[in-house]
Amino acid sequence: MNSFKLKRYESFIELKDDLKEDTILISETLSDSNKFIKANNDLFEAGFIYYDTGLQPQIKMLYQAQKIFLGVNQIFSCIDYMENKKMFEAELPSLLYDVLVDLDCIYVVGVCELDIFVYQNDGTLLWNMGFRDTVESYYLDDESIIIECSDGERTTFQLDSGAVK
């Protein structure tokens, strides 16, 4: 999570009491089975309220673009951390597994259970792709992302355009 400290809480009240007034909160609907986590470093603080699906909150900080991409379950956001402002918050069609960043920090990829979303480092959505079967494995390679689904189908996409290689 890019050197973020995580602190877990037993309730929303405990989390809320420990957050700064201008903290970004990423939240699903409150329920009895929510997890409550604060992630922070020297530059940024975020609170997460989410249903426990076994997946952890994802945070990627892009220092040169002054953006943070973060999400949990079906919520994905981009924050300008210098202005402490949400660039966008999107509801994803399937669970967020991981957030990947290419070596040059130009592209950010949200890898979900049944989808991928590719953004520029400024928060602009470039393209997305849905899959028939569950994403089983994935990795970035130079200027592309390789996705393998549970049916064994393996596809390589160019990061800049989504074109299949």
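The following conversation concerns aromatic pairs, a sheet and two loop residues in a predicted model.

User: How many aromatic pairs does the structure hold?

Analyst: The predicted model holds eight aromatic pairs. In one of them, the ring centres of F88 and Y119 are 4.9 Å apart and the ring planes meet at 10°, so this pair is stacked.

User: Why does that angle make the pair stacked?

Analyst: Planes under 30 degrees apart count as stacked, and the planes of F88 and Y119 are at 10°.

User: Which parts of the chain does the F88 and Y119 pair tie together?

Analyst: F88 belongs to strand 8 (residues 85-91) and Y119 to strand 11 (residues 115-120), so the pair ties together parts that are 31 residues apart in sequence.

User: Is F88 buried or exposed? And what about Y119?

Analyst: F88 counts as buried, with a relative accessibility of 17%. Y119 is buried as well, its relative accessible area being 4%. Buried here means under 20% relative accessible area.

User: Which residues do ring pairs link into a cluster with these two?

Analyst: F69 and F76 are linked with F88 and Y119 into a cluster by ring pairs.

User: Turning to the sheet, what is the strand order?

Analyst: The order is 9-10-11-12 in an open sheet of four strands, and the pairing is antiparallel. Strand 9 (96-101) and strand 12 (125-130) are the edge strands, since each pairs on one side only. On average, neighbouring strands of this sheet are turned by 15° against each other, direction ignored.

User: How many bridges join strand 10 to strand 11?

Analyst: Strand 10 (residues 107-112) is joined to strand 11 by five bridges, and the two run antiparallel. G110 stands opposite F117 of strand 11.

User: What holds strands of a sheet together in general?

Analyst: Strands of a sheet pair through backbone hydrogen bonds, in either a parallel or an antiparallel manner.

User: New topic: what is the phi of N73, and where is N73 found?

Analyst: The phi of N73 is near 55°, which is positive although the residue is not glycine. N73 is found in the loop between strand 6 (67-72) and strand 7 (75-80). With 2% relative accessibility, N73 counts as buried.

User: Why remark on a positive phi?

Analyst: Most residues other than glycine have a negative phi.

User: And what about N84?

Analyst: N84 is not a glycine, yet it has a positive phi of about 50°. N84 lies in the loop between strand 7 and strand 8. Its relative accessibility is 24%, so N84 counts as partly exposed.

Methods: Residues are numbered from 1 along each chain as its sequence is written. This is a predicted model: local features need pLDDT of at least 70, side-chain atom pairs count only at pLDDT 80 or more; totals for chains, interfaces and linings use all residues. Side-chain values use heavy atoms; hydrogens and water are left out. Rings of Phe, Tyr and Trp (its six-membered ring) pair if their centres lie within 6.5 Å; planes under 30 degrees apart count as stacked, over 60 as edge-to-face and the rest as tilted. Buried means under 20% relative accessible area, exposed over 50%, partly exposed in between (1.4 Å probe, protein chains only). Two strands pair if DSSP finds at least two bridges between them. Axes are lines fitted to C-alpha atoms, for helices over the stretch in contact, and angles run from 0 to 180 degrees between N-to-C directions.
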